[in-house]
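Open the model in your viewer and show side chains as sticks. The stops below are given in the order in which to select them.

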Amino acid sequence: MKRVVVKVGSAVLTQDGAIALERMQSLVDFLVDLRKNHEVILVSSGAVAGGYTKLKLDRNILKNKQALAAIGQPVLMQKYAKKFAKHDIVCAQVLVTAANLDKNDDIKRVKNTIDTLLQNGVIPIVNENDATATDELELGDNDQLSAYIAKHTASDMLIILSDIDAYYDSDPRVNPHAKVLKVVDKIPHAELQKDVTPNNVFATGGIVTKLKAASYLMACGIDMFLASGFDLSDVKSYMLQSVHNGGTRFKA
């Protein structure tokens, strides 16, 4: 496997209205290990949450969300840059919109930029450009964005690190006996039609958006792995030691 996209959600990156710096450092340390044998692209949420640490605006109003994203994007990148610098690694910001991923010329330019960064040992950090996105153009959540990025950059796998640690046979919040589905090669259509129920105030996704991302990628012949972003032991064992202890592999 050569190229991997890793997506981390707002629930993982934020805590009590601030950036969760210890979890961010753990993520960065994992990515540094991962890039020893893979090209790594990071899709990171957290810009709106980062902005909210500086200015308390109502996130339910689109213009406020855009303003918070504009404030928070450099906050987020500064923190990433500082943590990657500990490993003498440079990171770069790549902002995209849904419109960019709907035009072949734009898709090619995004891929060319990411290819060039990777060829020069730089880790691309991709996010939706919420500061200029509109209701009509919003990708809606970074699960979908990360799936598009994985496809359009010819990546071999998408890893989603979330507050959801795997895909279960029933809702583990309701059923204490719910079992992890370790390998999934088909997602029931009804599961993709359920309502989105994000757990975190800054999140826009939930298990449904992750299943949609997986379904999209599986149809493209690309695997996806879903695991906890709070405890990275499952993704580390899977990606660094080829041992599948926990988390879910969506097999194309």
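A residue counts as buried when its relative accessible area is under 20%. This is a predicted model, and the tour begins with a helix to which that cut-off applies.

**Stop 1: helix H6**

Select residues 142-152, which make up helix H6. Nine of the eleven residues here are buried, so the helix is largely enclosed by the rest of the structure. To see them, pick Asn142, Asp143, Gln144, Leu145, Ser146, Ala147, Ile149, Ala150 and His152. Then move on to Ala154, which follows H6 and has a positive phi, near 55°.

**Stop 2: Arg3 and its partners**

Next select Arg3, in strand E1 (residues 3-8), and Glu39, in strand E4 (residues 39-44). Side chains of opposite charge can pair when their charged atoms come close. Arg3 and Glu39 form a salt bridge, with 2.8 Å between the closest N and O atoms. This pair links distant parts of the chain, 36 residues apart. Arg3 counts as buried because its relative accessibility is 9%; Glu39, at 19%, also counts as buried.

Keep Arg3 selected and add Asp115. These two form a salt bridge as well, the closest N and O atoms being 2.7 Å apart. Asp115 belongs to helix H5 (residues 104-119) and Arg3 to strand E1, so the pair ties together parts that are 112 residues apart in sequence. Both Asp115 and Arg3 are buried.

**Stop 3: along helix H5**

Stay in helix H5 and select Asp106 and Arg109, whose side chains meet in a salt bridge (2.6 Å, N to O). The two are three residues apart in the helix, and so are separated by about one helical turn. An α-helix has 3.6 residues a turn, so residues three or four places apart point the same way. Asp106 is buried, with a relative accessible area of 14%. Now add Lys111 to the earlier selection: salt bridges that share partners join Arg3, Glu39, Lys111 and Asp115 into one network. The count of salt bridges in the model comes to nine.

**Stop 4: two lysines in helix H4**

Select Lys83, in helix H4 (residues 62-85). Which side chain of opposite charge is nearest to Lys83? It is Asp29, 8.5 Å away; Lys83 is buried yet has no salt bridge. Neighbours within four places in sequence aside, Lys83 is in contact with Leu21, Met24, Gln25 and Val28.

Lys79 is also found in helix H4. Is Lys79 buried or partly exposed? Lys79 is partly exposed, with a relative accessible area of 26%. Setting aside its neighbours within four places in sequence, the contacts of Lys79 are Ile19, Leu21 and Met24. For a distance check, draw a line from Lys79 to Tyr148: the C-alpha atoms are 25 Å apart, and the residues are 69 apart in sequence.

**Stop 5: helices H2 and H9**

Finally, select helix H2 (residues 21-34) together with helix H9 (residues 233-240). Two packed helices are described by the angle between their axes and the distance between the axes. Here the axes come within 11 Å and cross at roughly 5°, which makes H2 roughly parallel to H9. On the H2 side, show Phe30, Asp33 and Leu34; they meet Val235, Lys236, Met239 and Leu240 in H9. The residues of this contact divide into five nonpolar, no polar and two charged.

How values were computed
Residues are numbered from 1 along each chain as its sequence is written. This is a predicted model: local features need pLDDT of at least 70, side-chain atom pairs count only at pLDDT 80 or more; totals for chains, interfaces and linings use all residues. Side-chain values use heavy atoms; hydrogens and water are left out. Helices (H or I, at least four residues) and strands (E, at least two) are DSSP runs, numbered from the N terminus. Buried means under 20% relative accessible area, exposed over 50%, partly exposed in between (1.4 Å probe, protein chains only). Lys and Arg count as positive and Asp and Glu as negative; His and the chain ends are not counted. A salt bridge is a side-chain nitrogen of Lys or Arg within 4 Å of a carboxyl oxygen of Asp or Glu. Contact means heavy atoms within 4.5 Å. Axes are lines fitted to C-alpha atoms, for helices over the stretch in contact, and angles run from 0 to 180 degrees between N-to-C directions. Angles under 35 degrees count as roughly parallel, over 145 as roughly antiparallel, 65 to 115 as roughly perpendicular and the rest as oblique. Ala, Val, Leu, Ile, Met, Phe, Trp, Tyr, Cys and Pro count as nonpolar, Asp, Glu, Lys and Arg as charged, and the others, Gly among them, as polar.
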